Amino acid sequence: MVTSHTTATRRLFASELDVRFERTLPGNPNLAVQQRAVAVLEKLNRDQQNQILHWVEVAAQSSYEVAMNLALQAQFVFLQLDSNGVEAWALGALEVKDREGVDAALSFLHDLDSFVATHKYAEASANFIEVEERTRTFIQALAGKYIDVKSYEYAVTDTETLFLPDVLATLPSAADNRRLYRVMASLLWAQTHYGTFTDASNLDEILARYPDADLAKEWLDALEAARLEGKLGADFPGLGAEIAELRGPWPAELAPALARLQNPLSTLADTLALLDELLASGAKAPTMVHAVSVEPMVMRAVRAQKDGDGRPAFGANQEEFEPYPAEYDDGDMGGLSGEEVDLEPGEHPAFSKESQHAGRRDEAGNLLVRKKGVSDTPPEFTYDEWDFRRGSYKKDWCHLYEVPVTPGDPNYVDEVKRKYRNYIAQIRRQLEMIKGEDKMLARQVDGEELDVDAVVESFIDRKNGGEPSDRLFRRRMHNDRSLAVMFMVDMSGSTKGWVNNAERESLILLCEALELLDDRYAIYGFSGWGHTRCEIYPIKRFDEQYGNEVRARIAGIEGKDFTRMGVAVRHLSKLLEAEPARYHLLVTISDGYPDDFGDEYRNDYGIEDTRRALQEAHERGVRSFCVTIDRQGADYLPRLYGPARYEVVPNAHKLPLRMAEIYRHLTT
Amino acid sequence: MTKQTHITPQLMRIDDEPFYQPVGNEVDMFEAAAKSGLPVLLKGPTGCGKTRFVEHMAWKLGRPLITVSCHDDLTTADLIGRYLIIGEETVWVDGPLTAAVRAGAICYLDEIVEARKDTTVVIHPLADARRVLNIDKHGEQVEAPPEFMLVVSYNPGYQSVLKELKPSTRQRFIAFDFNYPLAPAESSIVATEGGVPLEIAQKLVKLGQMTRNLKGAGLDEGASTRLLIHAAQLIAAGVEPISACSASVARALSDEPEMTATLEDLVRAVF
């Protein structure tokens, strides 16, 4: 709510509004539009005027058109929404603009009815972010596999991700709106599980055959909602009851169809038969609070991409991507798009990888020249690389350089420590427990208490004429874990943004906590550009203290180039092995897929090489644990990580809190 | 040399058949291993029926069973035995392993990875063709009778690098993989053991499977068959199902409020 600047109650007159607009939108290019906006705002009361002016001001910072349309719509919004609702509406427009651009934002602003329908009870609204994690976990438990949950304008699924609205304010209580999220997510999952998409491959065509395809689609949504509720209810009675409770009584229009739809044997064919009948009767489709959209088109698009190489989205992109030869001898970059592609936080990793390539294309000319200059410095290290097609190693294929990290903002670490103050205290307490697990050493010459076993034995020895031992005490000994840990951090371009931030925060939390233990640890980043320039960035070497220099280097960790994982594993496990300790643990933190410039390291090759490298380390006694921050399905991970254990952290936000936990589990 | 006395504990036999529902050919395999004098390693998550299986087999083969729960303070003496002083006399008391060898019993070392590595080594000569136990303390070598059988178990799901079975140990055993039984079998186990109607047991098993889907995604382990049986027992004792599952499953699996809340959502979805 923005009412802080409501000191006066008198509404602003047109001339005053003009001044405000000119101040907000200097050099206003369209006076006619401004006049209309002023005319609209003039009729509002002062609070309403202030609220709209505030949002116009905010919107104007990114789009003039969005700002003006927001003002023009003001005449309608206050008729249907309270001030909380208006705020949600304005915020919604800005989010749509950020996500999908100006046109989408404008249609959002003008389609007030759909917004009002879902924001009836703005003061009781539930936000997607509040329920995101819980919904994702719930669906994973239901589905038995990872299905992502993301926010979108409305509820729909492409079978790999369930999309849910940013805000739900359909029901009068916030708790019910939160439950509604779970209900809608379950119904979307049910579409993927009970044959909505698989029982008819040509749902699009079927819908297109009806004269009023829109009406047919609305009926399809309603009929499938009823059918799938029956299916869910049969398998999960409690969930079925919850859906029924939240949706309220069925609309009268659906009543005749219910018996058939909720028959235990019903299939999509029943829905389609009923669709025919109902459309023939000309009935109007009912609207329901929990309705989710059935969208064959979205589904078809995903399936088409999947057919590419069996891997979602990735394959389709790959076909568009014209690979450079692995050697890239010539710098001919002709015909490439010059558009910079920025990575959005949390963006689909498959797309991130793609945009990473795309991003290279515009600057590649320069970068390639720089990167090509590798031959003037001989490699510091060379490593073999596994070529699964040949079934043998490529000798000295990877040239590895240790490159210093440019120190980052020294205040960064303090900020993170402040942010996680409570959590650091908590994880320290937990690690102190490990540390506290001291060992009692038996048969010592000196100690806190008698070792009864030893005393008895010495007594027996004396009786038997042997020489009694003088080691008769038990002593509490600090537990020597004799553990050396190497953290290998992905610094590829795809980590730019939230993943990179999560990595840095995780490392700070880990270091703050690990300082308590005597475990020897090191941190290295890795990235690179082709097999002749693989780079390793020392952040903390084993013999370095966690001091200001290390802190500055952690702050300086940034997304660089590509992810050639095998060579990094080989180099770092070699460093790790050289540490005198009984146990050697390699922990990798990456955002999924190994990938390198050009086509060579992508897909199977990179996966096989990475696994091979982990296998080599395993055979030499290095245990590996791989943490993947990946919002995409993780079906390739067992193959990628082979002998190593792994965990998927689906949400980068969760990484810092999860890492310390993982470490504790790994080492106790 | 003073006179030495031995004390060997009396071993109990299992008289009543412990309930065990086979899920594969494990019963036949175990019998074959027993006949051939081969030691057995049972791998599997916690609460999936490893211990119950061993009890059942001991009953079936008519042999005494000695179970040792391993922990990191378990010493060789704790397994083999030690001298005690009674009056003026020193008395040797057999440890559980020695007692089992002498009696031709089944010795079951539960969660063997928890034991210290130097302790584990004493079983090596028992677990190969020699089948002998060396008692260094008084220079005795106990030869295992054909009935003696060594069974060890561990949970490979533990992530700790500090807890792995040494290859020299594990390569002496024939290994059985245990897992949670398939839904129909598990439902009938939960119904029988928990004393609830099959319909309730099926719901509990569905809940169990959903929590197992979250292994590695916030949970270290899903609900074991044992936990589901606990829930069933509470229900059989008159507790309302949602509260029973909330106490015996949701709160038993996680301390994290968000995860516990999600687990309770799952409980409500099933009932």
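In this predicted model, strand 2 (residues 40-43) and strand 9 of chain B run parallel and are joined by 4 bridges. One pair to look for is B:Leu42, whose bridge partner in strand 9 of chain B is B:Ser153. Strand 9 of chain B is also joined to strand 6 (residues 106-110) of chain B, again by 4 bridges and in parallel. Here B:Tyr108 stands opposite B:Val151 in strand 9, and B:Leu109 has B:Val152 as its bridge partner.

**The sheet of chain B**

Which strands make up the whole sheet, and in what order? It is an open sheet of 5 strands in chain B, in the order 3-6-9-2-10, with parallel pairing. As general background, strands of a sheet pair through backbone hydrogen bonds, either parallel or antiparallel. Strand 3 (65-69) and strand 10 (174-177) of chain B each have a single partner strand, so one side of each has no neighbour in the sheet. From one strand to the next, the twist averages 20°.

Two helices of chain B that pack on this sheet are worth finding. Helix 2 (residues 50-61) of chain B touches strand 2, strand 3, strand 6 and strand 9 of chain B. Helix 4 (residues 96-103) of chain B touches strand 3 and strand 6 of chain B.

Is strand 9 of chain B enclosed or open to the outside? Strand 9 (residues 149-154) has 6 of its 6 residues buried, so it is largely enclosed by the rest of the structure. B:Met149, B:Val151 and B:Ser153 point one way from the strand, while B:Leu150, B:Val152 and B:Tyr154 point the other way, and all are buried.

**Chain A and its smaller sheet**

Now turn to chain A, whose secondary structure comes to 26 helices and 16 strands. Of its 668 residues, 42% are buried. Among contacts in chain A between residues at least 6 apart in sequence, 73% join residues at least 24 apart.

Chain A has an open sheet of 3 strands in the order 2-4-3, with mixed pairing. Its edge strands are strand 2 (148-152) and strand 3 (156-157) of chain A, each pairing on one side only. Strand 2 of chain A runs parallel to strand 4 (residues 161-165) of chain A, and 5 bridges join them. Within strand 4 of chain A, A:Pro165 is the residue opposite A:Tyr152.

Helices accompany this sheet too. Helix 8 (residues 128-143) of chain A lies across strand 2 and strand 4 of chain A. Helix 9 (residues 174-193) of chain A packs on the sheet, touching strand 2, strand 3 and strand 4 of chain A.

The table gives the directions of these helices against strands in the two chains.

| Helix | Strand compared | Angle |
|---|---|---|
| Helix 2 of chain B | Strand 6 of chain B | about 175° |
| Helix 4 of chain B | Strand 3 of chain B | about 160° |
| Helix 8 of chain A | Strand 2 of chain A | about 150° |
| Helix 9 of chain A | Strand 4 of chain A | about 145° |

**A helix with a buried face**

In helix 6 (residues 102-110) of chain A, the residues A:Ala105, A:Leu106, A:Phe108 and A:Leu109 are buried. Seen down the axis of helix 6 of chain A, its buried residues fall within an arc of 160°, so they line one face of the helix. A general rule helps here: an α-helix has 3.6 residues a turn, so residues three or four places apart point the same way. What do the buried residues of helix 6 of chain A pack against? They pack against helix 4 (64-80) and helix 5 (83-100) of chain A.

**Nonpolar cores**

In soluble globular proteins, nonpolar side chains tend to be buried together. In this model, the largest nonpolar core has 114 residues, and those with the most contacts inside it are A:Leu70, A:Ala93, A:Met184, B:Ala232 and B:Val249. Leaving aside residues up to four places away in sequence, A:Leu70 touches A:Trp55, A:Val56, A:Ala59, A:Ala90, A:Ala93 and A:Leu109. Another core, of 67 residues, lies apart from the largest one and includes A:Cys398, A:Val550, A:Val567 and A:Ile662.

**Where the chains meet**

How many residues of each chain take part in the contact between them? 29 residues of chain B are in contact with 30 residues of chain A. On the side of chain B, the elements giving two or more residues are strand 4 (81-86), helix 8 (198-212) and helix 11 (257-270) of chain B. Helix 11 of chain B gives the largest share, 8 residues. By class, the side of chain B that touches chain A has 15 nonpolar, 9 polar and 5 charged residues.

Definitions and conventions. Residues are numbered from 1 along each chain as its sequence is written. Chains are lettered from A and ligands numbered from 1 in the order in which they are written. This is a predicted model: local features need pLDDT of at least 70, side-chain atom pairs count only at pLDDT 80 or more; totals for chains, interfaces and linings use all residues. Two residues are in contact if their C-beta atoms, placed from the backbone, lie within 7 Å. Ala, Val, Leu, Ile, Met, Phe, Trp, Tyr, Cys and Pro count as nonpolar, Asp, Glu, Lys and Arg as charged, and the others, Gly among them, as polar. A residue is buried if 20 or more other C-beta atoms lie within 10 Å of its own, exposed if 12 or fewer, and partly exposed in between; C-beta atoms are placed from the backbone. The arc is that of the directions from the helix axis to the C-beta atoms. A nonpolar core is a set of buried Ala, Val, Leu, Ile, Met, Phe, Trp, Tyr and Cys residues joined through C-beta atoms within 7 Å. Two strands pair if DSSP finds at least two bridges between them. Axes are lines fitted to C-alpha atoms, for helices over the stretch in contact, and angles run from 0 to 180 degrees between N-to-C directions.
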